[in-house]
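User: I'm new to reading protein models, and I'd like a close look at how side chains link up in this one. Please take me through it slowly and explain the terms as you go.

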Amino acid sequence: MSGDVRYCERLSYLFLKFTLIVYCSVFWLIGGFILFIGIYAEVERQRYKTLEGTFLAPAIILIVLGVIMFIVSFIGALASLRDNLSLLRVFQYALTICLILELLGGILALLFRNKTVDLMNKNIRKGMVNYYDDLDFKNIMDFVQRKFKCCGGQDYKDWEVNMYHNCTAPGPLACGVPYTCCINTTPKQVANTLCGYKVLKEERLDLLTTIHVRGCTDAVFLWFLDNYTIMAGLLLGILLPQFFGVVICWLYITRVEDTITECGNTRDALLADEGRNVMSQSRMARCCRCLPDID
């Protein structure tokens, strides 16, 4: 009976060890891939950018995310391979902190929704100032305006902050908006890049059939509310793997500590035996091999 119990305990230890190694290895590879993509994108951005700044640079976000995932997952994989309790706790605490920060960030953003929207509008206007100089921001803004059928941050008049679209500027773009703000009734037709010509001089009600007058921050928030099931699935997809990692790591740490204690007690009992026959030595050797660091 004792042999069966010992076998089951050993099996649970191996299962948790293998699960944690696979978990860390998968996210280590994902982190490395994200880091590679981020570095490649940043190198390309540095080659072609004309603006000194990193506002909303996807490459920077990918690099930071990739570095965090790569380092934390590497620590977890190394700790699980070596049964190093110190590194296992570092891995567990790092995952827990990331999970808590993400939850707190989401809760605070919902509680202070108005301030969050104001902050987003402020940053969007800051990016719109250099719309034609920062290609990363330009691509993001164009995508958002097309996808969510919106224009600007708070509303379409935000485009006055851009020196090319300001009403005092020379050229055909003056007092206009980018063509991605326009209402496209014929999707397969070649886009008219001057469809937003002089619209900033017009009133909102006169532009309902010309451009999307709604701001992008409101449009994005409304889309989130209308597609709450998709957002819930996305949040669960981000948070559940981290929670699973914390739980598996905690169970594995507990199992390692129990095994170390058990092996240490068995070894002490065998060393206390007078004479220590060959069978006692064999039992002690088998016990001391169960974990590499029981000293």
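Analyst: Let's start with the charged pairs: the structure holds 4 salt bridges, each being a side-chain nitrogen of Lys or Arg within 4 Å of a carboxyl oxygen of Asp or Glu. Keep in mind that this is a predicted model, where local features need pLDDT of at least 70 and side-chain atom pairs count only at pLDDT 80 or more, while totals for chains, interfaces and linings use all residues. Residues are numbered from 1 along each chain as its sequence is written, and side-chain values use heavy atoms, with hydrogens and water left out.

One of the salt bridges pairs Asp83 with Lys17, at 3.1 Å from N to O. Asp83 sits in the loop between helix H2 (58–82) and H3, while Lys17 is in helix H1 (residues 2–48), so this pair ties together parts that are 66 residues apart in sequence. Helices here are DSSP runs of H or I with at least four residues, strands are runs of E with at least two, and both are numbered from the N terminus. Asp83 is buried, at 6% relative accessible area, and Lys17 counts as buried too, at 15%. (Buried means under 20% relative accessible area, exposed over 50% and partly exposed in between, using a 1.4 Å probe and protein chains only.)

Next up, Asp158 meets Arg125 in a salt bridge of 3.9 Å, N to O. Asp158 lies in the loop between helix H5 (135–147) and helix H6 (216–226), and Arg125 in helix H4 (residues 113–129), so the pair ties together parts 33 residues apart in sequence. Asp158 is buried at 8%, whereas Arg125 is partly exposed at 27%.

For a bridge within one helix, look at Asp142 and Lys138, 3.1 Å from N to O. Both residues lie in helix H5, 4 residues apart, which is about one turn of the helix. Asp142 is buried, with a relative accessible area of 6%.

Now for the sulfur links. A disulfide is a covalent bond between the sulfur atoms of two cysteines; here, a pair of cysteine sulfur atoms within 2.5 Å counts as one. The structure holds 4 disulfides, among them the one between Cys150 and Cys216, with sulfur atoms 2.1 Å apart. Their link has 90° about the S-S bond and is right-handed. It joins distant parts of the chain, with Cys150 in the loop between H5 and H6 and Cys216 in helix H6, 66 residues apart. Cys150 is buried at 0% relative accessible area, and Cys216 is buried at 3%.

Cys151 and Cys181 are also joined, S to S 2.2 Å. The torsion about their S-S bond is about 80°, so this disulfide is right-handed. Both cysteines lie in the loop between H5 and H6, 30 residues apart, and both are buried.

That loop also holds the disulfide of Cys182 and Cys195, S to S 1.9 Å, which is right-handed with 100° about the S-S bond. These two cysteines are 13 residues apart. Cys182 is buried, at 10%, but Cys195 is partly exposed, at 23%. By contrast, Cys249 is in no disulfide: the nearest cysteine sulfur, that of Cys24, is 7.3 Å away. Cys249 counts as buried, at 0% relative accessibility.

To place all this in the whole chain, picture 8 helices and 0 strands. Of the 295 residues, 33% count as buried.
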